Structures are given as C-alpha cells and as structure tokens.
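Grab a coffee and open the viewer. Here are some exercises to work through at your own pace, each with a solution.

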Amino acid sequence: MKMLWNVWKRNQRKNWKKYRLAKKILAMVMSISTAFALTACVSARPAASDPDARREQAREEIASNSKEDEKEEAIQDTEQEGNGEADSGGKDTADEGGAGTGIVFGSEDAAGYRGFQYLTEERIATSRTDSKKEAAFSVYIPKEEHPRVSGSSARSENAGVYVKVDLEPYLQYKAKDYSLRSNLQKYVDREINYDDDYFDIVTGNIQETGQSAVCEVSYMEYDAWNEEYLPRYAVYGLYLLHDDIMALVSVIVNEEDTTDGTQALLTELEAFYEMEIGWTPDFAGEKQEAFDHKNSANNFEVYSLSFTLPEGWMIDEEMSDDYETMIVPGGDSESADECIALTQSEDMTGMLDWLLEDLEMLKEEMEEDFIDESDYMEIEDIGMTFLGRTIKMEMAEHVDDHVEAGVMYVAEDDNNLYMIYAYTVLEDGEETKLSESVTEALEMLFETGRIMDSMM
C-alpha cells in the first residue's frame, strides 16, 4: 500500500496529462489491495503466506536439524573412541583449512590454532559488553607483512582477498531490538548501494542461521585512475557472540590481485567464519561480460528483474525512485507520449491468489466503478509469465482530441508482488489499444525477462 500510495501521490503532484489513466488503474489496484488487506486481517490465512512465519519455520527446521546433526556426531565420536582410532591431531592439524575441527569464530578453541596455511591469528577485544568487562576474541585474517590491528578491529589483504573484522561495529539497530538480518540489510544498503563508484550492484538474499547472518554482493567499481570498471565480489557476515557482542566480518575479492592461492584462502575463511563464499575463478569474466553487455545494448536490471527493451528506451532517473522505475524512449518522461513503469514489493505477497478467487466478479465490479469514465476495460488471467502467475488489466478512454490507453500487469512469485504499467497516447479514431512501439517493448520485456535469483 505504501508503495502504491507514493506513486499515486507523486502522479497527483506532477499532474501529468498522461497519468490520468495511470491514476485510475492505480486507484483500482489500490482499492483491490485495501480490500485484500482488510480480508487478510479477519481471515485465517495459511502460515506459508506470511514471510515472517516462513522464515521462523525455516529457522526452527534449521535448529532441529542442527540438534540431530549434533546427536549423530556425538554417536560417531563415541564409536570412534570405542574402536581405538587415533585422534586427528588437535589444534596443530588442519582438516580442509579448519573445517570440521570446531575451530570457528567465537569458539574458545580458536585461540592458538596453527592449522591454517593462508590465515594468521590476531587478538581483538572490546569493553562494550553487557557485563562491562573486556571480551577478547581470536580472529583469523590473511597473512600479510603488516596487518592492521587496533583495539576491536583487524584487517589485512593477500591474494586479492581483503578481510576486515570489527567488534561492535556501527550499526543501525541494537541487537536486542532487531534481528541480525535487519541490521545486516541496513549496513549493506548503506555501505554498497550509496557509493557513487559502485555500479551494476547485485545483492543476494541474506542467509540467517543461528547466531549469524550472511549476505553476498557483486558489483563493478570504477577506477578513476585507469578509467575502467573492475569486478568485485563481497561477503558480509554479522555475528552475535557471547555477552551480546556483535561482530562484522567483511570479505572483498579484488579481481586484479587474485592468484592461484585465492581459492584456498577463501576455503579457510569459509571454514572459520562459517559462511558460504561463492567466488570462483570464472567470476571476473562473467561479471565483466554481463556488465559490458548491459551497457552496449538496451538491457535493464531493475529491482530483481532483468530484461531487454528496443533501442532508445532509457530509465528516467529524475522521475524514478525507490517505489517506481520509469522507462521511456529517450529517457525523458515529460516529452514522451509512452512509457513503461515498474514496481516491486515483498509486503503484498498473497494478493494475487485473493484476486484470482473470483476474477469474473472482480471484472464486473471494476467495470461498474469505471463505466462512466472508460471506453474500454478488460481484466484477464494470462497464466504464467517469467514474473509468476500474472493478471493483465487494460483500460482506454478518449480525452479531448486523443485516446489514452494503458495496461497493467500484476504478478506474483514466492517472494514479491510485481506491477508493470505501460501507457501510450493514440490519435482520436485509432483502435483503443497500445501503440505498436509500446506493444513491441512489452513483448520484448516478457520474452527476455528473468528473475535474478543468483549472484553469478
């Protein structure tokens, strides 16, 4: 609702002639969403329709599986001891870079471990604890001649991998008030999305398990000195340690400095910080190729959507915002007689199923509401598109000496509700449908569109 309301308010404020029809369609969808919200409040819906409930259920399953794994490991350890098998070597022996040894971030056994080949131990501490006492931790960062360690922070770089570990970093929220996921999301948004030198940013879904949350990001960084764009892969992990101490681990791979030892170094970091690092030696080439392709053709990445439009269509940066992205020929909405607008929301999932329960009745109600204002209206279920199950709404009306025609697609997958609105102005007397150029753009959008659900 907030997203639609802001779009509607902005269109009211701009008072564009072309948005007269858009506002009617938006008003129609707003009325639908309002009814949906009210129905959802008084009706018991399945837990699967609630993202928070799904996440909580997933966390419970993870916790349950972890307990089962611990039981199985305990049984195996007992059997191994009973058979008289030799111990594998304690702190001096590495098993795939520490994996499986229990030498992980925050554990007491981490101090003094000598099994890593590419990482070195540093001690950092903080006095910002609930008990007001200093708390110290062993952290492992890439071996470097001059690592930078100061108080509660340690950082170093080797083989193109930069690692920084901070205890009690500056975050948006307190741990006791907000989840690790919320804090990490705020941090990544602030750190990555608002840097003027970062382009083609792709942020993965935050994985939250137990006492940590991890998010991977890829982007292109502009090197002003050499006037080139360089691929970057990053992973950010937020941890809740004992005494409610929060720690932030940043791992950034600088492609131009990677070596044959980069992958092995990342494997050791994965084991110690218990985070999945998806970088591979193919990453740089694939990221560079995708970036070059995007900037050499009319390829767009908007929210979690990727698609291609005919030559000449551009994002109107001035008129686009967090709630809506405007794409028009030439990139200037004020001078264009046609446009495509996109919105995406994760707060309204479940609305499409509600609409589809009785589409005919909905169509009759909408036609009755707009019968005095519209020359044409059609609402239909067009089945599955790349966006998921999709409803198509069309409307047209005569205004002065021309015809305004618009179409809105409302679609939903497991994660988001998507809305795509297209508009065109036709000469009076023409068929009350979209123009040929807008029709071509929409066909190309749906033919080439995909949901970007993976990092690379």
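The exercises below deal with a predicted model, going from the whole chain down to single residues.

**Exercise 1. Get an overview of the chain: how many helices and strands are there, and what share of residues is buried?**

Solution.
- Start with the secondary structure: the chain has nine helices and 20 strands.
- Next, burial: of the 456 residues, 45% are buried.
- Then look at the surface. The chain's accessible area is about 24000 Å², and carbon and sulfur atoms account for 44% of that.
- Finally, check how far contacts reach along the sequence. Take the contacts between residues at least 6 apart; 54% of these join residues at least 24 apart.

**Exercise 2. Find which residues touch the most other members in the largest nonpolar core, and which elements supply it.**

Solution.
- A general point to begin with: nonpolar side chains in soluble globular proteins tend to be buried together.
- Here the largest nonpolar core has 37 residues, and those touching the most other members are F105, V165, V251, L269, Y273, M275 and I277.
- Now trace the suppliers. At least two core residues come from each of β1 (119–126), β2 (135–142), β5 (161–167), β9 (228–241), β10 (245–254) and α5 (262–273).
- Don't stop there, though: a second, separate core holds 24 residues, including F300, L387, L434 and V438.
- To see one member of the largest core close up, pick Y273. Skipping its neighbours within four places in sequence, Y273 contacts F105, V139, Y140, I141, V165, Y239 and V249.

**Exercise 3. Classify two aromatic pairs: F105 with F272, and Y113 with F116.**

Solution.
- For F105 and F272, the ring centres are 6.1 Å apart and the planes sit at 45 degrees. That angle falls between the 30 and 60 degree cut-offs, so the pair counts as tilted.
- Where do F105 and F272 sit? F105 is in the loop between α3 (51–82) and β1, while F272 is in helix α5, so to speak 167 residues along the chain from its partner. Both F105 and F272 are buried.
- For Y113 and F116, the centres are 5.0 Å apart with 80 degrees between the planes. An angle over 60 degrees is edge-to-face, and that's the class of this pair.
- Check burial with the under 20% cut-off: Y113 has a relative accessible area of 4%, so Y113 is buried. F116 is at 7%, so F116 is buried too.
- Zoom out: F105, Y113, F116, Y140, Y239, F272 and Y273 make up one aromatic cluster. The full tally of aromatic pairs is 18.

**Exercise 4. Work out what strand β14 pairs with, and in which sense.**

Solution.
- Locate β14 at residues 325–329; four of its five residues are buried.
- One partner is strand β13 (residues 313–315), which pairs with β14 in the antiparallel sense over three bridges. Across this pairing, I315 stands opposite I327.
- Another partner is strand β15 (residues 338–345), again antiparallel and over three bridges. Here M326 stands opposite A341.

**Exercise 5. Say how many disulfides the structure holds, then decide whether C215 and C339 are buried or exposed.**

Solution.
- Recall the chemistry: a disulfide is a covalent bond joining the sulfur atoms of two cysteines.
- The count for this structure is zero.
- As for C215, its relative accessibility is 1%, so C215 is buried.
- C339 is also at 1%, so C339 counts as buried.

Key
Residues numbered from 1 in each chain as written. Predicted model: local features only at pLDDT ≥ 70, side-chain atom pairs only at ≥ 80, totals over all residues. Heavy atoms only, no water. Core = buried A, V, L, I, M, F, W, Y, C linked by side-chain atoms within 4.5 Å. Buried < 20%, exposed > 50% of the residue type's maximum accessible area, 1.4 Å probe, protein only. Contact = heavy atoms within 4.5 Å. Pairing = 2+ DSSP bridges. Disulfide = S-S within 2.5 Å. Phe/Tyr/Trp six-rings, centres within 6.5 Å; stacked < 30°, edge-to-face > 60°. Areas by Shrake-Rupley, 256 points an atom, 1.4 Å probe, with all protein chains shown as cover.
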